[in-house]
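Dear colleague,

I am passing on the structure we spoke about, and my notes on what turned up in it follow below. Please read them with the coordinates open beside you.

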Amino acid sequence: MGLMPRFRGRPLIGRAPQESQRFSPWDPFGTFSFQGVTYPYGLNFTSPGQPVEEIQATFAGYVRAAYQTNGVIFACMLARLSLFTEARFQFRRLRSGRPGDLFGTDELEVLERPWPNGTTGDLLGRAIQNADLAGNFYARRVVNRLQVMRPDWVSIVLGSDQDPDNPAAALDAEVVGYLYYPGGKAYSSEPIALGVEEVVHFAPIPDPEARFRGMSWLTPILRELQADQAMTQHRQKFFEQGATPNLAIKLDTPDPERFEKWRDILSTKSEGLDNAYKTLYLGAGADVTPIGMDLRQIDFKQVQGGGETRIAAAAGVPPVIVGLSEGLQAATYSNYELAMRRYADLTMRPLWRNVAGSLAAIVDVPGGAELWYDDRDIPALKDDIVRRAEVQAKQAAAAKLLVDGGWEPDSIVDALNSDDLGQLVHSGIPTVQVQQAPAIEPSSETPALPPGADQERALLAELETVLEEAS
């Protein structure tokens, strides 16, 4: 509709480009609120009254405080990455809006070799990793190469005819380009302007507060991450203190200096891993009282396991697939198959469909086709191969029935592949079963007996006679 002028390599003429960065969680100069406290982005901080260092609400914060230091987050993301990178890209024919067979062309080379020594798996690995941590994956196509852009260095440029000064709030707002800040927005004064047609934007989870930006699945579980870190720190402190509950020691002495000296000696001799399980000797008048609980009393495994399960649920990965304790307790071979089917159908395939649609923006898709994924050769989905074989066997039986019914073979294949019987075309030749039988005129003549019939009758009569005499 002529909504915006072309945006490529220069700002929009006659209007100020508005960036989605101004409401993005990756703004290093902004602030955000958590549990009633306002914090700056991009800074290390500890929430008041809590001994746990908060996770930075930035891409780097998620990488350092979650992906690189939290075993549960790493395991969930590794499970997502391992299966996501197994798919390949193909084109899929469309017939009357229904999917058909898969095929490939030379245009897929940019996805099969996205950069020197790179493969489709490398491309998909970067895509899912950035989408998991930042909610967005950006890549630029230059001839037959793709250049991956760090997501927190990219800003989405919006434009509007109705409200050029504030396009983010306009009803007709559209993405007109992207700005890439080498080194980050705080360090780069001259961004690189990129057009929509040369950028891949993969955002599988939409941000409810932004129309064109994605959200990381880590965002809703920040508290779970902090709780898991707190439990890990608690376990570490427990062993650092000799694998025993905290102790309260009362000493009957009025001399503060003597008390301080005695405390320092006791701490040196009793605290730490090197002093674990040693006998504690106290002087006269000292009273020891255990306080707190040990790991068994607080049921540490169950408490931390519940948090791990919620993290896996947010990642869309069944706990048994990741190998978490709660998932393994209820795991059997049949449960694993069902979990893998759920994981593939509700997590991986929607992601594959989404990334295929996103990458189609920089690929020349043939007419009457769409960019699609091919998961037929993935070993982890071998159960799908068995089910696919069962479906093909039923389709073969249906094809034979349709051929016997007089339908054209080519139309049968198209109808079965697209699951649309409306594509069947009849040959016009009726089958034998529906043809009328020829009429037989009655005859007054006695039909001639076949050769040997008289001899057979004579033998039967003789046999009857013998049987009668015997009786």
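Strand β6 (residues 137-142) pairs with β7 in the antiparallel sense over five bridges, and within that pairing Y138 stands opposite M149 in β7. Please bear in mind from here on that this is a predicted model. The two strands belong to an open sheet of three strands, whose order is β7-β6-β11 and whose pairing is antiparallel. Its edge strands are β7 (145-149) and β11 (199-202), each of which pairs on one side only, and the twist from one strand to the next averages 25 degrees. Helix α4 packs on this sheet, where it touches β6, β7 and β11, and its direction makes about 145 degrees with that of β6.

The helix α4 also takes part in a salt bridge that you may want to look at, since D132 is paired with R80 and the closest N and O atoms are 2.7 Å apart. Because D132 lies in helix α4 (residues 120-134) and R80 in helix α2 (residues 71-84), the pair ties together parts that are 52 residues apart in sequence. As for whether these two are buried or exposed, D132 is buried, with a relative accessible area of 2%, and R80, at 6% relative accessibility, counts as buried as well.

A search of the whole structure finds 13 salt bridges, and a few others deserve a mention here. R349 forms a salt bridge with D375, with the closest N and O atoms 3.0 Å apart. Since R349 lies in helix α10 (residues 333-359) and D375 in the loop between β14 (369-374) and α11 (382-404), this pair ties together parts that are 26 residues apart in sequence; both R349 and D375 are buried. Salt bridges that share partners also join R88, D374, R376 and D377 into one network. The side chains of D101 and R95, for their part, meet in a salt bridge at 3.6 Å, N to O; here D101 is partly exposed, with a relative accessible area of 31%, and R95 is likewise partly exposed, at 28% relative accessibility.

Turning to a second group of strands, β9 (residues 174-180) is mostly covered, with five of its seven residues buried. Strand β8 (residues 154-159) pairs with β9 in the antiparallel sense over six bridges, and V154 stands opposite Y180 in β9. Strand β9 is also joined by three bridges to strand β10 (residues 192-194), and these two run antiparallel, with Y178 standing opposite L194 in β10.

Helix α1 (residues 59-67) is largely enclosed by the rest of the structure, because eight of its nine residues are buried. Its buried residues are F59, A60, G61, Y62, V63, A65, A66 and Y67.

For the chain as a whole, there are 13 helices and 14 strands, and buried residues make up 38% of the 471 residues. Among contacts between residues at least 6 apart in sequence, 61% join residues at least 24 apart. The accessible surface of the chain comes to about 27,700 Å², of which 54% belongs to carbon and sulfur atoms.

With best regards

How values were computed:
Residues numbered from 1 in each chain as written. Predicted model: local features only at pLDDT ≥ 70, side-chain atom pairs only at ≥ 80, totals over all residues. Heavy atoms only, no water. Salt bridge = Lys/Arg side-chain N within 4 Å of Asp/Glu carboxyl O. Helix = DSSP H or I, 4+ residues; strand = E, 2+ residues; numbered from the N terminus. Buried < 20%, exposed > 50% of the residue type's maximum accessible area, 1.4 Å probe, protein only. Pairing = 2+ DSSP bridges. Contact = heavy atoms within 4.5 Å. Areas by Shrake-Rupley, 256 points an atom, 1.4 Å probe, with all protein chains shown as cover. Axes fitted to C-alpha atoms, helices over the stretch in contact; angles between N-to-C directions.
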